[in-house]
Amino acid sequence: MLVLIQPQATAGFNKLVNDLLPYSPDLVICDSIEVTPMRVSIDENKPCLQIIFAIELDDLGCNAALLPILHEMKQHWSLLIKYSVGLLMVKSSNEWHTKTFSSWLIFILNQWGCHFIGHPLIEMIPNLDNLNRWETTTGLSRTKLLHDFSHRSIQRLLTFSYPASPMPRLTVLHASSRKTSNTYMLWQMVKEHLTAIDIDEFHVANGTIIDCIGCPYQTCLYYGRQKSCFYGGDMIRELIPSVEQANALLWLCPNYNDAISANLMAVINRLTALYRTHPFNGKLLFSIIVSGNSGGDAVARQLIDALCINKGFQLPPHFCLTAIAYDPGSILQAVDIKKRAANYAALLKKSMLSNQ
């Protein structure tokens with residue numbers, strides 16, 4: 001069932017959305033009073049709702065009419081959202097807000113249980129300047145590119161099925177001390193429950209990964225076709241082959257000033273070469289995030305932005321496990337942490353072993 005959530009928009013945006021949709025949705029929600037309980041048959045092996053959020057932002061990067069709709073969805077569709085897959089269409093009146101708003105909304109909905117396809121954002125800023133590079137490299141107009149991207153994304157939404165493998169492979173990346181890192185200790189609690197999954201674990205130590213310098217597009221494409229990168233090194237010999245074969249990536253992210261650590265960010269940047277020629281749309285994104293006090297959601301949104309919106313990894317329900325622990329080893333005393341670790345492991349297995 002295709003559902004369109006489209007609150008408070010101009011006539012021009014409404015027309016644009018209608019032009020981009022391949023056919024009429026089964027249900028259109030424009031106001032919170034329209035969110036009522038629904039009777040929809042649930043099949044655990046496939047989504048019951050395909051939800052498109054078409055959002056026009058104001059100058060502050062907000063859409064005030066969306067918030068009461070979300071509150072009503074939480075109340076009336078709490079079960080349905082867990083069997084839903086989502087996509088965003090977001091238009092801004094300036095060059096800001098589309099990514100920050102989208103990562104916020106995706107994070108909220110994902111924590112409610114919504115799955116998101118890879119590249120879940122159809123983005124529109126003035127003059128479609130966000131499509132400038134594609135216009136240069138393809139020779140197509142920005143309007144044509146917007147329609148092509150939209151139709152392909154919506155088609156992936158409508159034909160979506162949960163990824164599954166009888167022998168799934170998980171690549172785990174971290175840059176933490178095995179002896180003192182709370183994040184790594186929490187991963188060990190999760191790992192002990194991950195039977196039937198082939199795990200490939202990498203420690204990204206200081207100096208082992210040189211960050212991307214932004215090679216020209218054609219240079220990056222050339223190395224990507226060789227499953228390589230300009231810099232070479234450990235990234236090419238070990239990490240890229242593991243990522244290519246993996247069904248999912250799990251990032252162990254201690255919260256450093258509400259951001260991903262520099263070493264892991266360098267890995268994300270360097271994945272661009274492989275991404276050029278090997279789409280990540282069939283791979284899942286997971287993360288374990290431990291903060292000294294707060295801000296785990298800030299790191300989660302960075303991962304969503306970099307790896308789901310930009311690189312195209314799918315976002316399974318409740319993709320991240322967050323916790324608070326400051327002193328080394330204090331994660332071991334966190335309330336219900338072993339139970340939370342076991343539950344997260346079960347969720348990860350379910351996501352990777354769906355339909356089996």
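Which residues does L303 touch, not counting residues up to four places away in sequence? The legends below, drawn from a predicted model, begin with this residue.

**Figure 1. Contacts of L303 in the predicted model.** Residues up to four places away in sequence being left aside, L303 touches W251, C253, I260, I268, L285, S287, I289, C308 and F319.

**Figure 2. The largest nonpolar core and a second, separate core.** The largest nonpolar core holds 60 residues, and those touching the most other members are I5, F53, M73, W77, W251, L303 and L307. Helix 12, spanning residues 296-310, gives the most to this core, contributing eight residues. A second core, separate from that one, has 27 residues, among them L284, V290, L321 and I337.

**Figure 3. Surroundings of the cysteines C30 and C62.** The count of disulfides in the model is zero. For C30, the closest cysteine sulfur belongs to C114 and lies 19 Å away, which is too far for a bond; a disulfide would require sulfur atoms within 2.5 Å. C30 is partly exposed, at a relative accessible area of 39%. C62 likewise takes part in no disulfide, and its nearest cysteine sulfur, that of C30, is 19 Å away. The relative accessible area of C62 is 39%, and this residue is partly exposed.

**Figure 4. Packing of helix 2 against helix 4.** The axes of helix 2 (residues 66-76) and helix 4 (residues 98-112) come within 12 Å and cross at roughly 15 degrees. Because angles under 35 degrees count as roughly parallel, the two helices are described as roughly parallel to each other. The crossing of helix 2 past helix 4 is right-handed. At this contact, L66, L67, L70 and K74 of helix 2 meet F101, W104, L105, L109 and W112 of helix 4.

Key
Residues numbered from 1 in each chain as written. Predicted model: local features only at pLDDT ≥ 70, side-chain atom pairs only at ≥ 80, totals over all residues. Heavy atoms only, no water. Core = buried A, V, L, I, M, F, W, Y, C linked by side-chain atoms within 4.5 Å. Buried < 20%, exposed > 50% of the residue type's maximum accessible area, 1.4 Å probe, protein only. Helix = DSSP H or I, 4+ residues; strand = E, 2+ residues; numbered from the N terminus. Contact = heavy atoms within 4.5 Å. Axes fitted to C-alpha atoms, helices over the stretch in contact; angles between N-to-C directions. Parallel < 35°, antiparallel > 145°, perpendicular 65-115°, else oblique. Left-handed = near helix turned anticlockwise from the far one by under 90°.
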